[in-house]
Amino acid sequence: MAKLIPQKNRFSEANDWDEPEEEVYRVLSKEEMAALQASNAVKRPPLSPWRILAAQVAVTVVSMVIWSIFGEPTGVSLYTKSAFLGGLISVLPSALFLTRLEFAKKTQILNPGNYLAALVSGEFIKIVVTLMLFLGVAYLIPGVLWVPLLVTYVLALKCVWLAWLWR
């Protein structure tokens, strides 16, 4: 049994039992921090969330065109309208969320807590509006085709992943 217990310094010169030495971090001055932030801003400019919203609209339109070509009958049909509803369920709550954040940005300098509250309340609004739209479509629009609606909804939601490609 004694052979299964590792022994100190048996196989290497390093002392595996001791804590690794802590690294020393250098505190940057205000000028050094500003220069670092400026260099990162050049490498990775901020991506506008409105650009992602525009991509969601574009994906919705492309999906509508594809469903109008391959749906029966060809052209503007229930497939196309269902795809439009799926895109609308994705785009409208996102637009409301971004509008909520834009209003909060104006007061961010005065009180950062307001911006955090706007972020949380905006996300709550987005969830509630999405649920209400799904329920409204289910109860108020007879004969909606759920496959084009859900496919377009999921595709529009995944436009956020395109932000990684744009960076």
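**Exercise 1. Length of helix H4**

Task: in this predicted model, check whether the end-to-end distance of helix H4 (residues 112–140) agrees with the span expected at 1.5 Å a residue.

Solution.
- Step 1. Helix H4 has 29 residues.
- Step 2. The expected span is 1.5 Å times one less than the number of residues, so H4 should span 42 Å.
- Step 3. The end C-alpha atoms of H4 are 41 Å apart.
- Step 4. The two values agree.

**Exercise 2. The buried side of H4**

Task: find which residues of H4 are buried, and which helices they pack against.

Solution.
- Step 1. The buried residues of H4 are Ala 118, Gly 122, Val 129, Thr 130, Phe 134 and Val 137.
- Step 2. An α-helix has 3.6 residues a turn, so residues three or four places apart point the same way.
- Step 3. The buried residues of H4 pack against H3 and H5.
- Step 4. Take Thr 130, which lies in H4. Its relative accessible area is 13%. The cut-off for buried is under 20%, so Thr 130 is buried.
- Step 5. Leave out residues up to four places away in sequence. Thr 130 then touches Ile 89, Pro 93 and Tyr 153.

**Exercise 3. Pro 93, seen from H3**

Task: place Pro 93 in its helix, classify its burial, and list its contacts beyond four places in sequence.

Solution.
- Step 1. Pro 93 lies in helix H3.
- Step 2. Its relative accessibility is 1%, so Pro 93 counts as buried.
- Step 3. Beyond four places in sequence, Pro 93 touches Leu 88, Lys 126, Val 129, Thr 130 and Leu 133. Val 129 and Thr 130 are among the buried residues of H4.
- Step 4. Now a distance. Pro 93 and Val 128 are 35 residues apart along the chain, and their C-alpha atoms are separated by 8.6 Å.

**Exercise 4. Packing of H3 on H5**

Task: describe the geometry of the pair formed by H3 (residues 78–105) and H5 (residues 146–157), then the make-up of their contact.

Solution.
- Step 1. The two helices pack at an angle of about 35°. Their axes are 7 Å apart.
- Step 2. H3 passes H5 in a right-handed crossing.
- Step 3. From H3, the contact uses Tyr 79, Ser 82, Ala 83, Leu 85, Gly 86, Gly 87, Ile 89 and Ser 90. From H5, it uses Pro 148, Leu 149, Thr 152, Tyr 153, Ala 156 and Leu 157.
- Step 4. Sort these residues by class. The contact of H3 with H5 has 9 nonpolar residues, 5 polar and no charged.
- Step 5. Look at one member, Gly 86, found in H3. At 0% relative accessibility, Gly 86 counts as buried.
- Step 6. Not counting residues up to four places away in sequence, Gly 86 touches Leu 149, Thr 152 and Tyr 153.
- Step 7. The C-alpha atoms of Gly 86 and Val 147 are separated by 9.5 Å, with their positions 61 residues apart along the chain.

**Exercise 5. H2 and the loop after it**

Task: compare the burial classes of Ser 68 and Val 61, then examine the peptide bond from Glu 72 to Pro 73.

Solution.
- Step 1. Ser 68 lies in helix H2 (residues 49–70). Val 61 is found in H2 too.
- Step 2. Ser 68 has 15% relative accessibility, so it counts as buried.
- Step 3. Val 61 has 45% relative accessibility, so it counts as partly exposed.
- Step 4. Val 61 and Phe 84 are 23 residues apart along the chain, and their C-alpha atoms are separated by 7.6 Å.
- Step 5. Leaving aside neighbours within four places in sequence, Ser 68 is in contact with Pro 73, Thr 74, Gly 75 and Thr 80.
- Step 6. Pro 73 is found in the loop between H2 and H3.
- Step 7. Most peptide bonds are trans. The bond from Glu 72 to Pro 73 is cis, with omega near -5°.

**Exercise 6. The whole chain**

Task: summarise the secondary structure, burial, contact range and confidence of the chain.

Solution.
- Step 1. The chain has 6 helices and 0 strands. Its pattern along the sequence is α-α-α-α-α-α.
- Step 2. Of its 167 residues, 24% count as buried.
- Step 3. Take the contacts with a separation of 6 or more. Residues 24 or more positions apart account for 66% of them.
- Step 4. The average pLDDT is 83, and 80% of the residues score at least 70.
- Step 5. Confidence is highest in H5, at 95, and lowest in helix H6 (residues 162–166), at a mean of 73.

Key:
Residues are numbered from 1 along each chain as its sequence is written. This is a predicted model: local features need pLDDT of at least 70, side-chain atom pairs count only at pLDDT 80 or more; totals for chains, interfaces and linings use all residues. Side-chain values use heavy atoms; hydrogens and water are left out. Axes are lines fitted to C-alpha atoms, for helices over the stretch in contact, and angles run from 0 to 180 degrees between N-to-C directions. Helices (H or I, at least four residues) and strands (E, at least two) are DSSP runs, numbered from the N terminus. A crossing is left-handed if the near helix is turned anticlockwise from the far one by less than a right angle, and right-handed if clockwise. Contact means heavy atoms within 4.5 Å. Ala, Val, Leu, Ile, Met, Phe, Trp, Tyr, Cys and Pro count as nonpolar, Asp, Glu, Lys and Arg as charged, and the others, Gly among them, as polar. Buried means under 20% relative accessible area, exposed over 50%, partly exposed in between (1.4 Å probe, protein chains only). pLDDT is the predictor's confidence in each residue, from 0 to 100.
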